[in-house]
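Hi,

Here is the structure I promised to pass on. Have a look at it first, and then read my notes below.

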Amino acid sequence: MTNIFRLLYLNFPRILPRMTRLLWERSGRFGDALKICERRLLVVFFETTDFCNARCIMCGSSRMRRRRQIMPMDIFCTAVKQFVAAKGHSVMLSAFGEPLLDPYLTDRISFVREFPAIQNIGFSTNGSLLTSEKYRELAEAGLKNISISIDGFQKKTYEKIRVGLSFDDLEKNITGVLEVHKALKRPI
């Protein structure tokens, strides 16, 4: 195995989808795995908003020159229908922006849940706006996955990295979310 293929194999969890990796491991042929990726979109990331309530030191968002906006619902719906037609199975609702600032977030989740072919819908958030009430609303809409990015488990470190956010507020939010999460029998 050449060095490049060894490097790719060791990093597969981050580079290729699980199904493609399994196919390659079973067949031993990298080309077959790539052909599946060419035929089928597995995951799509929608940047439904590029607004954010933080100024994180590692984020390039502050250097973007494009106009900040929220994706119109009609464009989102059209794109989801096209993704379903392409046999996609996972929708992620985050990129540069904070998805909880999207006023249509719950509507988008409900719309995607109408398609049984979509097995997973989720997003990544800084968690500052994820209250227990919002969590309940997202769970009822059909969200399946939330990733909360926390850079530092001490107030000083966290607030140095996540500029503009409060460690105390985040801790309060996550505590409330966990209570609702348990009460709803872990829906997300």
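Lys87 is exposed, because its relative accessible area is 59%, above the 50% cut-off for that word. You will find Lys87 in the loop between helix 5 and strand 2 (90-92). Its backbone caught my eye too: Lys87 is not a glycine, yet its phi is positive, about 65°. Bear in mind as you look around that this is a predicted model.

Arg186 makes a good companion to Lys87. Arg186 also has a positive phi without being a glycine, near 60°. Arg186 sits in the segment after helix 9 (167-183), and with a relative accessible area of 54% it is exposed. There is a positive phi at a glycine as well: Gly142, which follows helix 7, has a value near 115°.

Now for the overall layout. The protein chain has 9 helices and 4 strands, and along the sequence they come in the order α-α-α-α-β-α-β-α-β-α-β-α-α. Of the 188 residues in the chain, 39% are buried. The accessible surface is about 11,400 Å², and carbon and sulfur atoms account for 55% of that. If you take the contacts with a separation of 6 or more, 65% of them join residues that are 24 or more positions apart.

How far can you trust what you see? The mean pLDDT of the chain is 82, and 78% of the residues reach 70 or more. Among the elements, helix 6 (residues 105-113) has the highest mean pLDDT, 97, while helix 2 (residues 12-15) has the lowest, 46. The pLDDT is below 50 over residues 1-16, a stretch that has 15 contacts in the model beyond near neighbours in sequence. Where pLDDT is low, the predicted coordinates should not be read in detail.

Helix 6 is a nice place to start a closer look. What are its buried residues? They are Leu105, Thr106, Arg108, Ile109, Phe111 and Val112. These residues pack against helix 5, strand 2, strand 3 and helix 7.

Phe111, one of the buried residues of helix 6, also takes part in an aromatic pair. The count of such pairs comes to 3. In one of them, Phe111 and Phe115 meet edge-to-face, with 5.3 Å from centre to centre and 70° between the planes. Phe111 and Phe115 are both buried.

Lys81 touches this pair: leaving out residues up to four places away in sequence, Lys81 has contacts with Phe111 and Phe115. Lys81 lies in helix 5. Along the chain, Lys81 and Phe115 are 34 residues apart, but their C-alpha atoms are separated by 8.7 Å. Is Lys81 buried, exposed or partly exposed? Lys81 is partly exposed, because its relative accessibility is 48%, and that class covers values between 20% and 50%.

Next along is helix 7 (residues 132-141), whose buried residues are Ser132, Lys134, Tyr135, Leu138, Ala139 and Ala141. Which elements cover them? The cover includes helix 6, strand 3 (120-125), strand 4 (145-148) and helix 9.

Just past that helix, take a look at Leu143, in the loop between helix 7 and strand 4. Leu143 counts as buried because its relative accessibility is 1%, where the cut-off is under 20%. Which residues does Leu143 touch, leaving aside those within four places in sequence? Its contacts are Ile109, Ile121, Gly122, Phe123, Leu138, Pro187 and Ile188. Among these contacts, Ile109 is one of the buried residues of helix 6 and Leu138 is one of those of helix 7. Pro187 is 44 residues away from Leu143 along the chain, with 8.1 Å between their C-alpha atoms.

Last stop, the surface. Phe51, Leu101 and Leu129 make a nonpolar patch of about 210 Å² there. Phe51 belongs to the loop between strand 1 (43-45) and helix 5 (73-85). With a relative accessibility of 36%, Phe51 counts as partly exposed.

That is the tour. Shout if you would like to go through any of it together.

Cheers

Note on methods:
Residues are numbered from 1 along each chain as its sequence is written. This is a predicted model: local features need pLDDT of at least 70, side-chain atom pairs count only at pLDDT 80 or more; totals for chains, interfaces and linings use all residues. Side-chain values use heavy atoms; hydrogens and water are left out. Patches are made of residues with over 30% relative accessible area and no salt bridge: like charges are joined within 9 Å, nonpolar side chains (Val, Leu, Ile, Met, Phe, Trp, Tyr) within 5 Å. Accessible areas come from the Shrake-Rupley method with a 1.4 Å probe; for residues, only the protein chains shown count as cover. A salt bridge is a side-chain nitrogen of Lys or Arg within 4 Å of a carboxyl oxygen of Asp or Glu. Helices (H or I, at least four residues) and strands (E, at least two) are DSSP runs, numbered from the N terminus. Buried means under 20% relative accessible area, exposed over 50%, partly exposed in between (1.4 Å probe, protein chains only). pLDDT is the predictor's confidence in each residue, from 0 to 100. Contact means heavy atoms within 4.5 Å. Rings of Phe, Tyr and Trp (its six-membered ring) pair if their centres lie within 6.5 Å; planes under 30 degrees apart count as stacked, over 60 as edge-to-face and the rest as tilted.
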